[in-house]
Structure formats: C-alpha cells, structure tokens
Amino acid sequence: MMSTPKPQSTPKPQVAEREKQRSFNLHVNDKYYALAFLGPSLLVLGVFVFYPMLRTLYLSLFLTNNVGRPTVFVGLKNYVNLLTSSAYQASLQATAVYVIGVVVCTLVLGLLLAQMAVRKLAGIQWFRTIFSATMGVSVSVAAIFWLFIFSPSVGLFDQIGKLLHLPLVQWLTTPGPAMVAVIISTVWMNLGFTFLILFGALQMVPQPLYEASAIEGASPWYQFFHVTLPMISPTLFFTSTVTLIGAFKSFGLIDLMTAGGPNNATNLMVYQVYRDAFLNGNYGLASAESVILAVIIALFTLLQFKFLEKRVTY
C-alpha cells in the first residue's frame, strides 16, 4: 500500500516571529552598510554640487555686493530684468545658433567619418587614429591652433582665399564669421569623441543584415537609412544628448578666441554668467542667469528624451 504524504506542519508563531525579527535586523544592518559606503560620495556631492545649486538659487533672489554677499531681497526681479533685456535676448539667440550649429555638424561629420573608418581599407588604422586625435588636445592648445588658422595675415583660410582671388574675411572681428569660427573650432574639438563612440557602434552592427539586404537588392543608401541608423540609434541618441549639453556649457574656446565679441556676437549664456559674476561683480544677476541656463538645458534634455527616444531601436 502506498503511504500518504504527511501534511507539512505550519511554523509555530514564535518561530515565525523570530524569523521576521532576524530579517528586520538584517535590513537595518544593510542600511548602515549602505550609509557607510555612500556617505563619502554623498558628502562630496553635497559640498560641491547640491550646496552650490541651492546657494545659486538663493543668490538669484537678491542684490549682492562685489564679493557675492546678499544685500537686498528683490524676489524675481533679477529674472524679469534678464528676460526683458535686449542684451540677454541677443545672448539667447547667439546661444541657440551656436548650439544648433555645433550639434548638427558634430553628429553629421562624426557619423560620416565613422562610416568611412569602418571600411576595411589599406592604411585605415592611421585615419582612425587621426580622426580621434582631438580627444587628446586641451582647450588652450586648440584655441591657439585655431587663432593661427583664422589669423587675417598668416591664417590658412585667408591664404587659400588669396590663391583663389577671393575677398579676405575678418574671421574673428566680424560678427557673422566669428560665430562660424567658434562653431568650427568647437566641432573640431568634439569630433574625436563623437567619432570614436559612433565608430564602436558601427562595428557592432551584424554583417548578416547587410548581406541579407544586399541579396534583396537594397542600395547602399537604403542600407544606411534602414539598417545602419536603426541599429546605432541608441548610440546616436546618447551622443546627441551629450553634445547638446556640452554645447550649452562651452566656455574655454569662446573666452580664448573671441571673449564674447565682436559686438557680443559670440557672447553665449555661459560667458554672460562669467562676465556678470567675475568681471562686473553682479553675483545676483549671474546666479539668475545660471538658473535660467540650467532650466533650459533640462528642458531641451527632456524634449530629446520625449521625442527622440521614440525613434530609438533597442
């Protein structure tokens, strides 16, 4: 005869309570361990990130003296004065032109160079190294290099213009060309990082997809738009977001090449913050400009996540 299995005995209430207490004590210890490991990082973030953010927001509501101490509470008057100022509106427009130019040119050129470098050609390793070499160039060195290129007397562009009998362009002393010059310089600085990231993404695209599309008679352009771009769309989304945020925060090349000129044509929002805070001593107004800049960057980043992430293929 087959023996029937014995019913499992339910744990006694004392045992269940003891297990529950042991589990609770374990969670409490985990919290202590977490605080011990995260404490130093939280302290550094609090001192160098969170406190400056709150302090900036606080100072934006005051008039300050020349050492940055608040004197008179004015509420939102700093923000109203900024948004109704024609000079600040011109800075917003210059920043918009600069950001659009840098983001579009960096992504397009980076993708084209990566598409060229992914091919298996003789000596292509040298080109890959050259394309990514700008990652090792500091901002000061890049500024000196491009100041020489755009020099009106010995600059490369004007020398080429002389050979072609073209009119000379005062690159850094004319508003329009000055903006073009700083955009070119910034794109050149950012191109190494963008190229390297996109080059790695293109190498990860499965080759059987290209072989199958070629068998179906797909042209190279069709493969690029319907195979390559969807497969590297997460990387494109990442590089576009990083490039956008970096363009809003560009300072070094502007300071060294044009100092916001000529006629404030390249006076971007970040450089306006530097001018008001450290040159004019108006820390309250500069704090308000910093808050506006942070809000604009956050809004553009959210818009990117809302509209571009839908086109990303994971």
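Helix axes are lines fitted to C-alpha atoms over the stretch in contact, and angles between them run from 0 to 180 degrees between N-to-C directions. The model on display is predicted: local features need pLDDT of at least 70, side-chain atom pairs count only at pLDDT 80 or more, and totals for chains, interfaces and linings use all residues. Residues are numbered from 1 along each chain as its sequence is written, and side-chain values use heavy atoms, with hydrogens and water left out.

**First stop: helices α10 and α13**

Select residues 233–248 for α10 and residues 283–308 for α13. Helices here are DSSP runs of H or I with at least four residues, numbered from the N terminus. The two axes lie 10 Å apart and pack at an angle of about 165°. α10 and α13 therefore count as roughly antiparallel, a label given to angles over 145 degrees. Their crossing is right-handed, which means that the near helix is turned clockwise from the far one by less than a right angle.

Next, show the side chains between these helices. From α10, display Phe237, Ser240, Thr241, Leu244, Ile245 and Phe248; from α13, the residues that they meet are Leu293, Ile296, Ile297, Phe300, Thr301, Gln304, Phe305 and Leu308. Contact means heavy atoms within 4.5 Å.

Within this interface, centre the view on phenylalanine 248 and phenylalanine 300. How far apart are the ring centres of phenylalanine 248 and phenylalanine 300, and at what angle are their planes? The centres are 5.5 Å apart and the planes stand at 50°, so the pair is tilted. Rings of Phe, Tyr and Trp (its six-membered ring) are paired if their centres lie within 6.5 Å; planes under 30 degrees apart count as stacked, over 60 as edge-to-face and the rest as tilted. Because phenylalanine 248 belongs to α10 and phenylalanine 300 to α13, the pair ties together parts that are 52 residues apart in sequence. Phenylalanine 248 is buried at 7% relative accessibility, whereas phenylalanine 300 is partly exposed at 39%. Buried means under 20% relative accessible area, exposed over 50%, and partly exposed in between, with a 1.4 Å probe and protein chains only.

**Second stop: an aromatic cluster**

The structure holds 21 aromatic pairs. One of them joins phenylalanine 145 and tryptophan 188, which are stacked, at 5.4 Å centre to centre with 25° between the planes. This pair links distant parts of the chain, 43 residues apart: phenylalanine 145 is in helix α5 (residues 139–149) and tryptophan 188 in helix α7 (residues 175–203). Both rings belong to partly exposed residues, with relative accessible areas of 37% for phenylalanine 145 and 26% for tryptophan 188. Extend the selection to Phe145, Trp146, Phe150, Phe157, Trp171 and Trp188, a cluster linked by ring pairs.

**Third stop: two asparagines in α2**

Select helix α2, residues 77–83, which includes asparagine 81. Asparagine 78 is also placed in α2. Is asparagine 78 buried or exposed? With a relative accessible area of 4%, asparagine 78 is buried. A polar atom of its side chain lies 2.9 Å from the backbone oxygen of serine 60. Beyond residues up to four places away in sequence, asparagine 78 touches Leu59, Ser60, Leu61, Phe62, Leu63, Gly284, Leu285 and Ala288. Asparagine 81 is partly exposed, with a relative accessible area of 38%. Its C-alpha atom is separated by 8.9 Å from that of leucine 285, although the two residues are 204 residues apart along the chain.

**Fourth stop: arginine 128**

Move to helix α4 (residues 124–131) and select arginine 128. Which backbone oxygen does the side chain of arginine 128 reach? The side chain reaches the backbone oxygen of alanine 117 at 2.8 Å. Leaving aside neighbours within four places in sequence, arginine 128 is in contact with Ala117, Val118, Arg119, Phe195 and Phe199. The C-alpha atoms of arginine 128 and valine 118 are 8.7 Å apart, with these positions 10 residues apart along the chain.

**Last stop: the loop between α11 and α12**

Finish at the loop between α11 (252–257) and α12 (269–279), where proline 262 is placed. Glycine 261 and proline 262 are joined by a cis peptide bond, with omega about -5°. Alanine 259 is found in this loop, as is asparagine 263. Alanine 259 has a positive phi, near 55°, in a residue other than glycine; asparagine 263 also has a positive phi near 55°. Alanine 259 is partly exposed at 33% relative accessibility, while asparagine 263 is exposed, with a relative accessible area of 73%.

Methods: Polar contact = N/O pair within 3.5 Å; in protein donor to acceptor, adjacent residues only side chain to side chain. Parallel < 35°, antiparallel > 145°, perpendicular 65-115°, else oblique.
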